[in-house]
Amino acid sequence: MAYYRTPHDVTTLPAWQALEAHRKAMQHFSMREAFNEDPQRFSEFTLSSAGLFLDYSKNLITTETRKLLVNLANEVGLKDAIKAQYDGELVNASEGRPALHTALRRPVGDKLQVNGVNVMPEVHKVLNQMTDLVGRIHDGLWRGYTEKPITDIVNIGIGGSFLGPELVSEALLSYAQKGVRCHYLANIDGTELHELTSKLRAETTLFIVSSKTFTTLETLKNATAARAWYLAQGGSQAELHRHFIAVSSNNAAAVAFGIREENIFPMWDWVGGRYSLWSAIGLPIALAIGMSNFKELLSGAYTMDQHFQNADFDKNMPVLLGLLGVWYGNFWGAQSHAILPYDHYLRNITKHLQQLDMESNGKSVRQDGVPVNVDTGPVIWGGVGANGQHAYHQLLHQGTLLIPADFIVPIVSFNPVSDHHQWLYANCLSQSQALMQGKTRAEAEAELRAKGMPEAEVQRVAPHKVIPGNRPSNTIVVERISPRRLGALVAMYEHKVFVQSVVWGTNAFDQWGVELGKELGKGVYSRLVGTEETAAEDASTQGLIDYFRGRHRG
């Protein structure tokens with residue numbers, strides 16, 4: 001299975017050059033004027049699918065812009081690339097692997113060949129294994145070393161083994177099963193372990209060690225420390241199997257740690273960490289919300305997968321969002337993108353999307369190893385609304401940088417209090433409206449005069465109240481944050497990232513930049529503890545090592 005096509009310089013394509021000309025023609029485009037002149041603009045630039053409603057009308061676009069962006073998608077071979085990914089071709093060229101996280105949400109009976117083997121029976125075998133474990137724990141049949149039922153689950157993992165599961169289990173807290181609490185341990189900072197274990201009892205705690213290779217430093221250090229804590233609290237090595245399970249492809253290492261082979265859930269090299277919450281890495285999700293809700297999550301993602309595969313590009317949510325990102329990053333000079341969820345349960349979606357987008361598209365060479373000559377992935381940042389309005393939204397409204405934003409908001413709150421949710425929804429809409437509409441100098445002056453301010457004072461204050469407007473945003477509305485809709489939402493962003501990688505010709509599924517720091521970290525550690533006497537590769541690192549060692553001796 002060869003990689004679907006050799007990338008080429010995207011800037012040489014006719015569609016790219018047409019977009020450059022169009023960008024010049026759009027220099028003085030005003031969204032405010034566009035809305036005033038076209039009463040159909042909202043209906044023209046909205047669409048719904050998989051339980052999501054997308055309003056992308058508040059963007060620096062016309063129907064011509066959309067047509068040119070779709071032309072670009074066609075010229076880079078996006079349709080072939082989508083098919084290649086779903087068919088299991090080697091879209092991860094640097095590692096010679098397919099990227100088949102979408103297979104994890106496909107229904108029973110589907111067939112998908114990887115190296116001549118249909119992988120779908122194995123996918124559903126693992127789902128059945130998960131169903132069995134979740135049922136035993138929820139029914140109180142899985143007992144700790146004192147024969148008490150398990151009440152607390154601790155997922156030990158980092159990166160994709162942590163961010164995705166944490167996002168989903170917290171976002172779906174309204175669906176949480178009674179009697180079991182889920183916790184996450186990721187950072188190697190001992191304070192996190194201390195704070196967590198102080199709330200737990202070893203006899204009723206089950207640890208899930210999530211590491212594909214079972215060699216990830218932070219995960220193994222935390223797992224070893226958790227095992228020591230379990231033993232210090234009265235647990236025995238003989239009963240360790242009751243309190244530790246693993247999700248890994250390295251069975252031998254997990255068994256050597258003390259985990260029984262039947263309690264090891266497999267991973268596959270065709271699923272990357274940041275795309276793995278749909279696999280057994282999602283065990284803490286299933287334990288938190290129940291297996292039927294976990295399958296609803298998969299079903300929502302599958303519905304979005306079908307939309308991505310089959311919808312025309314001009315009516316395709318992930319494609320349009322991906323192309324808009326290219327439009328702003330490569331033609332308008334945007335360097336970051338804000339994710340602004342207006343829902344407390346979605347407060348961690350920005351962290352997950354940071355890894356998904358920045359680890360996938362933080363690349364400077366194409367699939368064929370040739371350097372790119374355009375900017376690639378943006379910085380992803382943001383946080384929960386309405387808190388951000390009283391913090392960093394000021395930069396969005398009046399700063400000098402162009403920062404596109406995605407607003408995400410449900411219509412229904414699971415926890416209604418008086419008219420709070422109506423105010424939350426109103427805040428979300430008013431922020432996107434203010435970004436688009438802004439406030440002119442004349443409007444600022446009129447506002448100040450209406451307050452009776454002297455003219456000299458009006459002229460002094462008015463410049464500070466001018467808000468440029470014309471700042472782009474998307475608004476994604478869901479009825480409520482349910483498993484099915486959340487699955488669709490996360491899958492939509494996965495596909496958006498892939499779309500952009502295809503345009504730029506990069507590999508969205510490797511992360512070699514992550515590896516260098518790991519390698520260098522071993523040498524730094526050896527020098528910190530004195531097992532390596534040679535100097536570090538640079539004076540700054542050596543100086544900081546010496547400072548650490550000097551302070552510890554003091």
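Helices H1 and H13 are roughly perpendicular to each other in this predicted model, since their axes cross at roughly 70 degrees. A second helix pair, H7 and H14, runs roughly antiparallel instead. Beyond these two pairs, the notes below stop at two residues worth a look on your screen: Ser248, which is buried, and Glu75, which is partly exposed.

**Helices H1 and H13**

- H1 covers residues 14–25 and H13 covers residues 317–331, and their axes come within 11 Å.
- Seen as a crossing, H1 passes H13 in a right-handed sense.
- On the H1 side, the contact is made by Trp16, Leu19, Glu20, His22 and Arg23, which meet Val326, Trp327, Asn330 and Phe331 of H13.
- Sorted by class, that contact holds five nonpolar, two polar and two charged residues.

**Helices H7 and H14**

- H7 (residues 163–171) packs against H14 (residues 349–361) at an angle of about 150 degrees, and the two axes are 9 Å apart.
- An angle over 145 degrees counts as roughly antiparallel, so H7 and H14 fall in that class.
- The crossing of this pair is left-handed.
- Leu163, Gly164, Glu166 and Leu167 are the H7 residues here, and they meet Ile349, Lys351, His352 and Gln355 of H14.
- The class count for this contact is three nonpolar, three polar and two charged residues.

**Ser248, in a loop**

- You will find Ser248 in the loop that links strand E8 (244–247) to helix H10 (251–257).
- Ser248 has a relative accessible area of 0%, so it counts as buried.
- Its side chain reaches the backbone oxygen of Ser211 at 2.9 Å.
- Leaving aside residues up to four places away in sequence, Ser248 touches Ser211, Lys212, Thr213 and Phe214, and also Ile264, Phe265, Pro266 and Met267.

**Glu75, in helix H4**

- Glu75 belongs to helix H4, which spans residues 63–75.
- With a relative accessibility of 29%, Glu75 is partly exposed, because that class lies between the 20% limit for buried and the 50% limit for exposed.
- The side chain of Glu75 reaches the backbone nitrogen of Ala15 at 3.0 Å.
- Ala15 is also among the residues that Glu75 touches, together with Arg5, Leu13 and Pro14, when residues up to four places away in sequence are not counted.
- Glu75 and Pro14 are 61 residues apart in sequence, while their C-alpha atoms are 8.3 Å apart in space.

Methods:
Residues are numbered from 1 along each chain as its sequence is written. This is a predicted model: local features need pLDDT of at least 70, side-chain atom pairs count only at pLDDT 80 or more; totals for chains, interfaces and linings use all residues. Side-chain values use heavy atoms; hydrogens and water are left out. Helices (H or I, at least four residues) and strands (E, at least two) are DSSP runs, numbered from the N terminus. Buried means under 20% relative accessible area, exposed over 50%, partly exposed in between (1.4 Å probe, protein chains only). A polar contact is a pair of N or O atoms within 3.5 Å; within protein, one must be able to donate a hydrogen and the other to accept it, and residues adjacent in sequence count only if both atoms are side-chain atoms. Contact means heavy atoms within 4.5 Å. Axes are lines fitted to C-alpha atoms, for helices over the stretch in contact, and angles run from 0 to 180 degrees between N-to-C directions. Angles under 35 degrees count as roughly parallel, over 145 as roughly antiparallel, 65 to 115 as roughly perpendicular and the rest as oblique. A crossing is left-handed if the near helix is turned anticlockwise from the far one by less than a right angle, and right-handed if clockwise. Ala, Val, Leu, Ile, Met, Phe, Trp, Tyr, Cys and Pro count as nonpolar, Asp, Glu, Lys and Arg as charged, and the others, Gly among them, as polar.
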